[in-house]
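Dear colleague,

I am passing on the structure we spoke about, and you will find it directly below. My notes on what was found in it follow, arranged by topic.

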Amino acid sequence: MAKILMITPAFYPSRGGVETHVRRVSEELAKRGWQVRVLTKLIGNAVEQEKIGKLAVFRFKFPLVKLLGLLVIWWKLIVQYWQLVRWADVVHAHDVFLWYLPLRLIFWRKKVVTTFHGWEGKYPIPWKNIFFKKLAARLSDKTVAIGKYVEKYYDIKTDLVIYGGVDVPSKLPKKQNLLLYVGRLSEDTGLPLLLDTLKNNAWQGKVVFCGDGELRGRAEKFGEVVGFADPKSYLRKARVVFAGGYLSALEALAHQCSVAVAADNELKKDYWRLSAFSNQLNFLEENEIGGKGKELSKKFIEGFSWSSVAKKYEKLYPLP
């Protein structure tokens with residue numbers, strides 16, 4: 001049975017795009033016969049080692065100081081998790097190839113796949129961010145971009161471009177006059193543009209914010225903030241969803257919601273406009289919040305299922 005080690009900056013029970021992506025892909029790979037282990041940061045009350053379904057999860061602490069933290073990570077991977085890396089047939093790094101760098105030089109024959117997730121919230125992109133992605137691309141056997149914009153703005157060519165996955169609902173109730181925001185309540189998600197639009201009474205109905213962050217106080221003036229709750233119960237009822245990223249947009253499309261997005265710089269515009277579902281999106285600067293979404297075929301949505309994503313990844317993994 002082939003063995004894969006996922007290295008990720010965060011994992012369940014933490015919530016977020018990368019956490020969801022790594023967990024769902026890992027679960028699908030386990031169904032397909034892979035042995036999957038996950039190495040990640042210890043956050044909150046999570047335990048250092050546990051089994052989640054078929055997934056073996058290992059977590060470790062390190063200081064949140066850039067250089068010191070990286071040195072501790074390298075030390076722990078070399079000393080504490082050496083055997084974990086040795087065990088794997090494939091190492092798959094999710095946005096943290098730099099964690100694995102020393103072991104890449106030691107296990108130079110070990111196959112490495114790197115996925116570049118999401119945008120980093122800074123525009124123009126700092127030169128060091130571009131440098132580290134180009135380094136990771138150069139030293140990886142295969143690379144994956146979450147979004148076509150990654151190749152354009154980081155000047156790299158990847159082997160696969162995907163947008164994450166979605167669980168396709170079987171039935172949907174009648175939609176209500178609900179506007180749902182899904183994502184971090186932060187400046188870089190386009191949320192300020194939505195709040196400015198809501199200030200002009202552009203939506204006559206209920207507003208729910210499924211997320212948290214520094215803009216929570218501003219969001220609470222316009223609707224209910226439920227934190228990082230599972231959005232599925234809200235998606236089933238929502239007529240319009242304002243998406244902060246690809247995963248929330250895909251989930252909204254799968255639930256036959258109209259999807260609104262916003263962009264306040266060229267990178268974010270390309271983030272959305274270069275996506276595989278750009279013609280389904282309503283841009284706030286071009287449309288009203290309640291722009292009508294097109295009904296999508298089951299075949300289109302199933303093309304973004306987690307099973308489909310796992311199959312695409314599997315084609316990049318060399319069998320032992």
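**Helix packing**

In this predicted model, helix 1 (residues 17–31) packs against helix 13 (residues 306–314) at an angle of about 75 degrees, and the two axes lie 9 Å apart. Because angles of 65 to 115 degrees count as roughly perpendicular, helix 1 is described as roughly perpendicular to helix 13. Helix 1 contributes Thr20, His21, Arg24, Val25, Glu28 and Leu29 to the contact, while helix 13 contributes Trp306, Ser307, Val309, Ala310, Tyr313 and Glu314. By character, the residues of this contact divide into six nonpolar, three polar and three charged.

**The sheet**

Eight strands make up an open sheet of mixed pairing, and their order across it is 3-4-2-1-5-6-7-8. The edges are taken by strand 3 (49–52) and strand 8 (160–162), each of which has a single partner strand, so that one side of each is left without a neighbour in the sheet. On average, and with direction ignored, neighbouring strands of this sheet are turned by 20 degrees against each other. Within the sheet, strand 6 (residues 111–116) and strand 7 (residues 142–146) run parallel and are joined by four bridges; valine 113, for its part, has lysine 142 in strand 7 as its bridge partner.

**Histidine 94**

Strand 5 (residues 90–94) includes histidine 94, a residue that is buried, because its relative accessible area is 0% and the cut-off for buried is under 20%. Its side chain makes a polar contact, at 2.9 Å, with the side chain of histidine 117. Apart from neighbours within four places in sequence, the residues in contact with histidine 94 include Met6, Ile7, Thr8, Pro9, His21 and Tyr313; His21 and Tyr313 are also among the residues through which helix 1 and helix 13 make their contact.

**Backbone points to check by eye**

Two cis peptide bonds are present in loops: one runs from tyrosine 12 to proline 13, with omega near 15 degrees, and proline 13 lies between strand 1 (3–8) and helix 1. The other joins tyrosine 123 and proline 124, with omega about -5 degrees, and proline 124 lies between strand 6 and helix 5 (127–139).

Aspartate 155, although not a glycine, has a positive phi of about 55 degrees; this residue is found in the loop between helix 6 (149–154) and strand 8, and at 56% relative accessibility aspartate 155 counts as exposed. Glutamine 256 likewise has a positive phi, near 55 degrees, but glutamine 256 is partly exposed, with a relative accessible area of 32%.

With best regards

Terms used
Residues numbered from 1 in each chain as written. Predicted model: local features only at pLDDT ≥ 70, side-chain atom pairs only at ≥ 80, totals over all residues. Heavy atoms only, no water. Helix = DSSP H or I, 4+ residues; strand = E, 2+ residues; numbered from the N terminus. Buried < 20%, exposed > 50% of the residue type's maximum accessible area, 1.4 Å probe, protein only. Polar contact = N/O pair within 3.5 Å; in protein donor to acceptor, adjacent residues only side chain to side chain. Contact = heavy atoms within 4.5 Å. Pairing = 2+ DSSP bridges. Axes fitted to C-alpha atoms, helices over the stretch in contact; angles between N-to-C directions. Parallel < 35°, antiparallel > 145°, perpendicular 65-115°, else oblique. Nonpolar A, V, L, I, M, F, W, Y, C, P; charged D, E, K, R; others polar.
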